Amino acid sequence: MMKQVRVRFAPSPTGYLHIGGARTALFNWLFTRQNNGRFVLRIEDTDSERLKEDSVKQILDSLKWLGLDWDEGPGKGGDFGPYYQSQRQDFYAAAAETLRKSGKAYYCFCTEEELAKERESQRQKGLSLRYSGKCRDLSDAKVRERLAQGLKPVLRIKLPVSGQIVVRDLIRGAVTFQYEELDDFIIMKSNGLPAYNFACVVDDHAMKISHVIRAEEHLSNTPKQQFLYEALGYALPQFAHLSMILAPDRSKLSKRHGATSVSEFKDLGCLPEAIINYLTLLGWSPSEEQGEILSSEQTISSFSLDKVSKTAAVYDLQKLIWLNGQYMMKYDLEQLVAHAVPFLMQAGIISGELEAEQKHDYLCSVINVLRARVKTLPELAEACRYFFQDVVDYEEKGQKKYFFKQEDVETLLAQGRERLAKVEDFDIENTEKAYRDLIEELQIKGGQLIHPTRLALTGRTVSPGLFEVMVLLGKERCLERLAQAIRFIKATKAEKEEV
RNA sequence: GGCCCGGUGGUCAAGUGGUUAAGACACGGCCCUUUCAAGGCUGCGACACGGGUUCAACUCCCGUCCGGGUCACCA
């Protein structure tokens, strides 16, 4: 029988969840869901100085919003908790003590200043930066003496001085490291807390993690961790290192590159499914028949780690936005409206949840005709404006083109208005027929009437189909806005003549 | 700088010792059309470079170059 698949996502709560982290979480999640495994969420909060208030909450919120649910961890519990490293001190202390007693780890009394100096000199000589091993062979007596003096040592692992260690990576294959390149790294800090590589190994083992799927930046940590597994007598998990996501200039992602966190993409008006889909495509590719637009269920069934790309990927906002547009078109309408409401409120188009509820059906109809024409939620909100608010001005370019270029547009609009006024059932067929008839009678091109009308009704040169707009606006508002535009045109012309 | 991982169009990304080297986004054109989208068709555009190995290399090997990662009492 196969061992149960258990994977973990182990963020450090030092900020928001960025897209690199989100993709790591996603690939872990896909892998678990595919293998009926368990997805563990563990918070790596051993460095109190770098912790950020609220960061855990932000990360959890982002994961939830994306739909990446975990089986064990904060808010869920589980048989292998606690799931905060800050609460797992006993595990680390016990494992550390085992290593120290068996001589596999030793106390080191070197101060941070000394170590920094050492590194500086190595740097200048162009050597690799490694601990000298000064305390490696301190006698027991010396150790006792210094402890008695009240010195607080760190605990270092004792590594072989030669030979090599081979990491078997599911994505990259065998990767060999020489022990000469590694040094006796710290496993317990002088404050008694575990260092990352150590805590990680102790926890991954205690939590029975079968596959460690993480970002490539950890590849060079892996030989160290692997050595710890061996020293502690733990069985090795499988490792898979995901390539990095880079900014458009191929540098590491940072704030200066614009939106990089999940919450920022949310604010930009992206749908969670679109982000998931985009991230899926960054480093993994579906079969040709599947196409690129996939639900996470579809991805789960065909996902595989060995098809994951080794190459770092530059993320492309344009494609994300395009995907988002695709999702907006096909999204469940009710849900799309729910996602849009906050943006409508933000744009001042509706006053609040209450109004959204009262006008729910209308909102659905409006959004339905708009959804294929926009790519993000803020765009959608803006496109809704004239359906909810009066037209206060007309696009400058539109005025020139449609109000003042042809002669007598006001007369034309007035005629259109008259015809509309006579329409009983104000639906698409009838309004269109009314207009088409007039167009034919006057022997003009459709656009000559349609464009000015659009501008009159929406204030804009771009909108959904004119008759859809008319119907949504309703007869009364159409007649009003037409009258308003006619007054505007006349007034403007009069003004010009005076000058 | 040492070590590690990479390098297919601008971006994502298939792919094989022999192919016209897929597809998607973006970009250009055309169609549809009341505008804008959507949709359909079409075009532009790539195997980093240099050596090998081989009948044959984008594919295998070596070197160079380029990019990234890492070398903390951060994770």
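In the classification applied here, Ala, Val, Leu, Ile, Met, Phe, Trp, Tyr, Cys and Pro count as nonpolar, Asp, Glu, Lys and Arg as charged, and the others, Gly among them, as polar. On this basis the lining of the largest pocket of the structure, which is a predicted model, comprises 15 nonpolar, 14 polar and 12 charged residues. The volume of this largest pocket is about 1300 Å³. Its lining is made up of 41 residues, and those nearest the centre of the pocket are Ser12, Thr14, His18, Glu217 and His218. Two or more lining residues are contributed by each of β1 (6-9), α1 (19-34), α6 (196-206) and β8 (211-215). Of these elements, helix α1 gives the most to the lining of the largest pocket, with 5 residues.

The second largest pocket encloses about 700 Å³ of space. It is lined by 29 residues, of which Glu112, Leu115, Val154, Arg156 and Ile186 are the closest to its centre. The elements α4, β4 (154-157) and α6 each supply two or more residues to the lining of the second largest pocket. The greatest contribution comes from α4, with 5 residues. By class, 14 nonpolar, 5 polar and 10 charged residues form the lining of the second largest pocket. Helix α6 is thus represented in the linings of both pockets, giving two or more residues to the largest and two or more to the second largest.

The surroundings of RNA strand B were examined next. A total of 64 residues lie around RNA strand B, and the nearest of them are Arg50, Arg172, Lys189, Ala372 and Arg454. Among the atoms of RNA strand B within 4 Å of the protein, 74% belong to sugar or phosphate, and the rest belong to bases. The protein surface near RNA strand B includes 24 nonpolar, 18 polar and 22 charged residues. At least two residues of this surface are supplied by each of α4 (112-125), β6 (173-178), β11 (313-314), α11 (317-330), α19 (446-458) and α20 (466-473). Helix α11 provides the largest share, 5 residues. Helix α4, which gives the most to the lining of the second largest pocket, is also one of the elements that supply at least two residues of the surface near RNA strand B.

Individual atom pairs between the protein and RNA strand B involve both the backbone and the bases of the strand. An N or O atom in the side chain of Glu217 lies 3.3 Å from a phosphate oxygen of RNA strand B. Glu217 is also one of the residues nearest the centre of the largest pocket. For Lys375, the distance between an N or O atom of the side chain and a phosphate oxygen of RNA strand B is 3.4 Å. A polar backbone atom of Ser463, in turn, is 2.6 Å from a base nitrogen of RNA strand B.Within the protein, two residues with polar contacts to backbone oxygens were considered. Asn324 is located in helix α11, and its relative accessibility of 0% is why Asn324 counts as buried. A polar atom of the Asn324 side chain lies 3.1 Å from the backbone oxygen of Gly269. Thr492 belongs to helix α21 (residues 475-498). With a relative accessibility of 17%, Thr492 likewise counts as buried, because the cut-off for this class is under 20%. A polar atom of the Thr492 side chain is 2.7 Å from the backbone oxygen of Phe488.

The structure holds 1 cavity of 30 Å³ or more. This cavity has a volume of about 40 Å³ and is lined by Ile19, Phe265, Ile275, Tyr278, Leu279, Tyr315 and Leu320. Helix α9 (residues 272-281) gives the most to the lining, with 3 residues. The lining of the cavity has 7 nonpolar residues, no polar residues and no charged residues.

As to the cysteines, the count of disulfides comes to 0. The closest cysteine sulfur to that of Cys110 belongs to Cys135, at 3.6 Å. A disulfide requires sulfur atoms within 2.5 Å, so this separation is too far for a bond. Cys110 has a relative accessible area of 12% and is therefore buried. Cys200, at 0% relative accessibility, also counts as buried.

Terms used: Residues numbered from 1 in each chain as written. Chains lettered and ligands numbered in written order. Predicted model: local features only at pLDDT ≥ 70, side-chain atom pairs only at ≥ 80, totals over all residues. Heavy atoms only, no water. Near = heavy atom within 4 Å. Polar contact = N/O pair within 3.5 Å; in protein donor to acceptor, adjacent residues only side chain to side chain. Helix = DSSP H or I, 4+ residues; strand = E, 2+ residues; numbered from the N terminus. Buried < 20%, exposed > 50% of the residue type's maximum accessible area, 1.4 Å probe, protein only. 1 Å grid on protein atoms, 1.4 Å probe; cavity = no way out; pocket = protein on both sides within 12 Å on 5 of 7 lines; lining within 4 Å. Points joined across faces, edges and corners; volume = space filled by probe spheres on them.
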